[in-house]
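This report describes a protein and DNA model, part by part. The sequence and the structure come first.

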Number of protein chains: 2
Amino acid sequence: MSELANLLRDRGLRLTPQRQLVLDAVRRLGHATPEQVHAAVVEHAAGVNITTIYRTLELLEELDLVTHVHLSHGAPTYHDVNEEQHIHLVCRSCNAVQELDPATLDGLAKQLLEQRGFQMDISHVALFGLCGRCT
Amino acid sequence: MSELANLLRDRGLRLTPQRQLVLDAVRRLGHATPEQVHAAVVEHAAGVNITTIYRTLELLEELDLVTHVHLSHGAPTYHDVNEEQHIHLVCRSCNAVQELDPATLDGLAKQLLEQRGFQMDISHVALFGLCGRCT
DNA sequence: CTGCATGCAAAATATTTGCAACAGC
DNA sequence: GCTGTTGCAAATATTTTGCATGCAG
């Protein structure tokens, strides 16, 4: 039985095709906006409404199956929690997104925790600047 | 003569009350969304339209007089470029925003530059996580 | 059966654009 | 006066909400 089914059942919620499809799409796409998830889901199940995508992403986030980051503009980008964590380096000039080993931030995370009691969510970080090509 | 006037004149653009008011408001407010800037400007100049705020913020950003960061949700927050730089620590639970000395990221910035040629924009960074009270 | 989930339409937000009137230089 | 600017309204884009129908358990 899938993890999704169990998590849902534990809360008295239901396993629906839409919920499976949305989770699959997020996992398959890696990074995706609600819009993109919708497009991917609709390929397999034509009638699914964008509203359901939003509601399902919110639910999956509550269940800690996915998270989202804000890259560049308001566009929220969802991805699988179990996917290998990575930091996003976003170029403000060409908008390219590089990924970075999260260990790079371990030192900073430790420092923030000690100095401020602030527990940084490493997988939720996006750093902005200029990439090598644009400088 | 103000810096704003010079920058505008160099580009063949005009100094208008609206532009002065928007820049003043951003400087006075420290952090502010377009909405908040609008509210502040309207106190002194009733008729100014929200559209003009958006257009002016975009212009001021091109002139490198202001920048913006994305705290929490899509809400862009504008602030004076010359203001003392600071990092934002955003709590995902209570949404409180702490400020942090940018020097904290100097090590990371250096590392990214050397490893990736990526020139991080320190003033543009927001880090997410849980603050001391919420952990 | 019962209540959660979905689709649809409409509302609420946020931001952008076309265009005519206006104003800085 | 010429051309950049603004205000207004409308168009877009994005996300949320109300409600009746539908379906998982």
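## Terms and model

A polar contact is a pair of N or O atoms within 3.5 Å. The model is predicted, and every distance and area below is computed from it.

## Chain A

Chain A contains 5 helices and 6 strands. Their order along the sequence is α-α-α-α-β-β-β-β-α-β-β. The C-alpha trace of chain A extends over about 45 × 35 × 20 Å along its principal axes.

Side chains of opposite charge can pair when their charged atoms come close. Over all chains the rule gives 4 salt bridges. One of them joins A:Glu62 and A:Arg11, with 3.5 Å between the closest N and O atoms. A:Glu62 belongs to helix 4 of chain A, while A:Arg11 sits in the loop between helix 1 (3-10) and helix 2 of chain A, so this salt bridge ties together parts that are 51 residues apart in sequence.

## DNA strand C

Around DNA strand C there are 17 residues, and the closest are A:Arg14, A:Arg19, A:Thr52, B:Arg14 and B:Tyr54. Of the atoms of DNA strand C that come within 4 Å of the protein, 57% are sugar and phosphate atoms.

Both chains make polar contacts to phosphate oxygens of this strand. In A:Arg19, a side-chain N or O atom is 2.5 Å from a phosphate oxygen of DNA strand C. In B:Tyr54, a polar side-chain atom is likewise 2.5 Å from a phosphate oxygen of DNA strand C. A base is contacted as well: a polar side-chain atom of A:Thr51 is 3.5 Å from a base nitrogen of DNA strand C. Helix 2 (17-29) and helix 4 of chain A, together with helix 4 of chain B, are the elements that give two or more residues to the surface near DNA strand C. This surface is made up of 5 nonpolar, 7 polar and 5 charged residues.

## DNA strand D

DNA strand D is surrounded by 18 residues, of which A:Tyr54, B:Leu13, B:Arg14, B:Arg19 and B:Thr52 are the closest. Sugar or phosphate supplies 60% of the atoms of DNA strand D within 4 Å of the protein, and bases supply the rest.

Chain B contacts the backbone of this strand through both side-chain and backbone atoms. The side chain of B:Thr52 places an N or O atom 2.4 Å from a phosphate oxygen of DNA strand D. From B:Asn49, a backbone N or O atom is 3.4 Å from a phosphate oxygen of DNA strand D. The side chain of B:Gln18 has an N or O atom 3.0 Å from a sugar or linking oxygen of DNA strand D. At least two residues of the surface near DNA strand D come from each of helix 4 (50-62) of chain A, helix 2 (17-29) of chain B and helix 4 (50-62) of chain B. By class, this surface has 5 nonpolar, 8 polar and 5 charged residues.

## Interface of chains A and B

The size of an interface is often given as the accessible area lost when the parts come together. Chain B and chain A bury about 2,800 Å² between them, and carbon and sulfur atoms carry 59% of it. In this interface, 34 residues of chain B contact 34 residues of chain A. Between the two chains there are 0 salt bridges, but 10 residue pairs are in polar contact, both residues being at pLDDT 80 or more.

On the side of chain B that touches chain A, at least two residues each come from strand 1 (66-70), strand 3 (87-91), strand 4 (97-100), helix 5 (106-116), strand 5 (119-120) and strand 6 (126-130). Strand 6 of chain B gives the largest share, 5 residues. The residues on this side of chain B comprise 15 nonpolar, 14 polar and 5 charged. Strand pairing also crosses the interface: strand 6 (residues 126-130) of chain A and strand 5 of chain B are antiparallel and share 2 bridges. Within strand 5 of chain B, B:Gln119 is the bridge partner of A:Leu130.

Key
Residues numbered from 1 in each chain as written. Chains lettered and ligands numbered in written order. Predicted model: local features only at pLDDT ≥ 70, side-chain atom pairs only at ≥ 80, totals over all residues. Heavy atoms only, no water. Near = heavy atom within 4 Å. Polar contact = N/O pair within 3.5 Å; in protein donor to acceptor, adjacent residues only side chain to side chain. Helix = DSSP H or I, 4+ residues; strand = E, 2+ residues; numbered from the N terminus. Nonpolar A, V, L, I, M, F, W, Y, C, P; charged D, E, K, R; others polar. Contact = heavy atoms within 4.5 Å. Buried area = accessible area lost by both parts, 1.4 Å probe. Salt bridge = Lys/Arg side-chain N within 4 Å of Asp/Glu carboxyl O. Pairing = 2+ DSSP bridges.
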